[in-house]
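Trainee: I would like to learn how to read the features of a protein model. Where should we start?

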Amino acid sequence: MQTLLLISLCVLVCWASSDSNQENIETLMDNVVVLRVPSDHGIVSDVPLTCGQAYINKPVFWMKNGVELTPPLEGNQVTVVVKEMDGGNYSCHLGPNKEYLNHTLILVQLDPDNRLVILEKKSPEEGHIHCSAPNYKGSFHCTWKKTKYRSHASVLLVRAERYLENIPCELDADGLGVHCQDSDCPYKEEQYRISLTLYIHSYARLEAYTKSFYLREIVRPAKLPNLRISQGKNFSWDYPDSWEKPCSFFGLHFQIKAVPSGHSCHSGEFIMLNTTEHTSYEINFKPKKYVFCVRAQDKHTRGPWNQWSQCTVNKHEVSC
């Protein structure tokens with residue numbers, strides 16, 4: 001009786017384990033499957049592979065990362081054992097000439113994925129991905145940085161969407177950023193956030209990074225052009241050419257700052273600090289050596305400030 005009970009329990013456990021294993025296997029894209037495991041220590045999983053319907057009853061054999069397996073793995077439908085993070089690229093071939101037929105890349109992702117090691121975190125507030133846009137026309141750019149020991153990691157897939165509508169994106173040539181183009185009208189109020197997910201892998205380890213934002217939260221005007229001075233005290237500048245028009249609808253406001261000579265615009269020591277919605281400002285202080293700084297942000301959303309534009313004043317000499 002006890003033996004029968006133990007056999008029944010074993011069957012139930014094995015069935016549950018097999019069923020759970022299948023639930024943890026997902027096809028991410030063509031020829032790529034993801035095996036999600038709770039830990040990378042001591043986990044062993046069975047992953048079924050198929051070379052293709054066209055190769056049934058053919059003398060098919062498999063290779064892993066370009067190397068023949070020992071003992072040989074043969075057949076159109078096979079099961080491979082993945083231990084811990086030891087996935088890889090399994091390719092099927094037709095013997096005896098080893099003609100390539102198909103392949104499946106098995107990647108392993110820790111689930112829940114709470115040990116991210118491939119990308120550096122830019123800041124606690126911003127996370128691993130930084131996104132910005134020069135205006136409300138829908139074009140935005142996101143960047144990331146790989147950690148020192150994962151510089152070989154490769155981007156597998158980038159997905160961007162807004163309320164189930166896909167946003168087309170193009171990966172940068174260096175693999176460290178992506179350009180996307182949302183088709184929403186710039187005059188339309190944003191009801192839904194943009195969600196961007198980056199899938200990046202280091203060998204067989206896969207990590208997914210997600211960034212969610214409204215476009216209004218990442219719009220950063222370009223640097224203010226044509227900063228100039230007249231009559232020794234009247235500074236003026238222009239709206240960026242890339243900023244949305246009309247300016248009455250997409251208004252900017254400006255932060256004005258004067259810092260002592262030799263200081264940068266980021267200095268906490270300043271002679272004067274003010275704001276204005278005009279594209280000009282008249283100074284009313286006496287120092288003859290100082291740095292005049294101005295930057296802008298969307299006056300309605302109060303999003304990110306752009307870079308400082310500056311003029312260095314040295315008595316009668318001015319450099320902008």
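Mentor: With the term behind the sheets: two strands pair if DSSP finds at least two bridges between them. By that rule E13 and strand E14 (residues 177-181) pair, since 3 bridges join them, and the two strands run antiparallel. Keep in mind that this is a predicted model.

Trainee: Which residues face each other across E13 and E14?

Mentor: Glutamate 170 has histidine 179 of E14 as its bridge partner. Cysteine 169 stands opposite cysteine 180 in E14. The two strands form a hairpin with 5 residues between them, and glycine 175 there has a positive phi near 70 degrees.

Trainee: In which order do the strands of that sheet lie?

Mentor: First the general idea: strands of a sheet pair through backbone hydrogen bonds, either parallel or antiparallel. Here 4 strands make an open sheet, in the order E9-E10-E14-E13, with antiparallel pairing. Strand E9 (130-132) and strand E13 (169-171) are the edge strands, each pairing on one side only. On average, neighbouring strands of this sheet are turned by 20 degrees against each other, direction ignored. Inside the sheet, 5 bridges join strand E10 (residues 139-143) to E14, again antiparallel. Threonine 143 stands opposite glycine 177 in E14.

Trainee: What is the order of the open sheet of 5 strands?

Mentor: The order is E20-E19-E22-E23-E24, and the pairing is antiparallel. Strand E20 (272-276) and strand E24 (317-319) are at the edges with a single partner strand each, so one side of each has no neighbour in the sheet. Neighbouring strands are turned by 15 degrees against each other on average, direction ignored. Within this sheet, strand E19 (residues 252-260) and strand E22 (residues 289-298) pair over 9 bridges in the antiparallel sense. Leucine 252 has aspartate 298 in E22 as its bridge partner.

Trainee: How is the protein divided into domains?

Mentor: There are domain 1 (25-110), domain 2 (129-217) and domain 3 (228-319). The centres of domain 1 and domain 2, taken over C-alpha atoms, are separated by 30 Å. Their contact takes 12 residues from domain 1 and 10 residues from domain 2.

Trainee: How do I read the area buried between domain 1 and domain 2?

Mentor: The size of an interface is often given as the accessible area lost when the parts come together. Between domain 1 and domain 2 about 920 Å² is buried, and carbon and sulfur atoms give 69% of that area. On the domain 1 side, Leu28, Leu107 and Gln109 lose the most area to domain 2, together 50% of what that side buries.

Trainee: What counts as polar or charged there, and which strands of domain 1 touch domain 2?

Mentor: Between the two domains the count is 0 salt bridges, and 3 residue pairs are in polar contact, both residues at pLDDT 80 or more. Strand E1 (25-29), strand E2 (32-37) and strand E8 (99-110) each supply at least two residues of the side of domain 1 that touches domain 2. E8 gives the most to that side, with 5 residues.

Trainee: How are E1 and E2 joined?

Mentor: By 4 bridges, running antiparallel. Threonine 27 has valine 33 in E2 as its bridge partner. E1 and E2 form a hairpin with 2 residues between them, and asparagine 31 in the turn has a positive phi of about 65 degrees.

Trainee: How many salt bridges does the count come to?

Mentor: The count comes to 12 salt bridges. In one of them the side chains of arginine 162 and aspartate 182 meet at 2.7 Å, N to O. Arginine 162 lies in strand E11 (residues 154-162) and aspartate 182 in the loop between E14 and strand E15 (194-202), so the pair ties together parts that are 20 residues apart in sequence.

Trainee: Which backbone angles should I look at?

Mentor: Most residues other than glycine have a negative phi, and most peptide bonds are trans. Tyrosine 203 is not a glycine, yet has a positive phi of about 55 degrees; tyrosine 203 lies in the loop between E15 and strand E16 (205-213). The peptide bond from threonine 70 to proline 71 is cis, with omega near -5 degrees, and proline 71 is in the loop between strand E5 (67-68) and strand E6 (77-83). Another cis peptide bond joins glycine 95 and proline 96, with omega about 0 degrees. Proline 96 is in the loop between strand E7 (88-94) and E8.

Conventions:
Residues are numbered from 1 along each chain as its sequence is written. Side-chain values use heavy atoms; hydrogens and water are left out. Axes are lines fitted to C-alpha atoms, for helices over the stretch in contact, and angles run from 0 to 180 degrees between N-to-C directions. Domain bounds come from an automatic or database domain assignment. Contact means heavy atoms within 4.5 Å. Buried area is the accessible area (1.4 Å probe) that two parts lose on being put together, summed over both. A salt bridge is a side-chain nitrogen of Lys or Arg within 4 Å of a carboxyl oxygen of Asp or Glu. A polar contact is a pair of N or O atoms within 3.5 Å; within protein, one must be able to donate a hydrogen and the other to accept it, and residues adjacent in sequence count only if both atoms are side-chain atoms.
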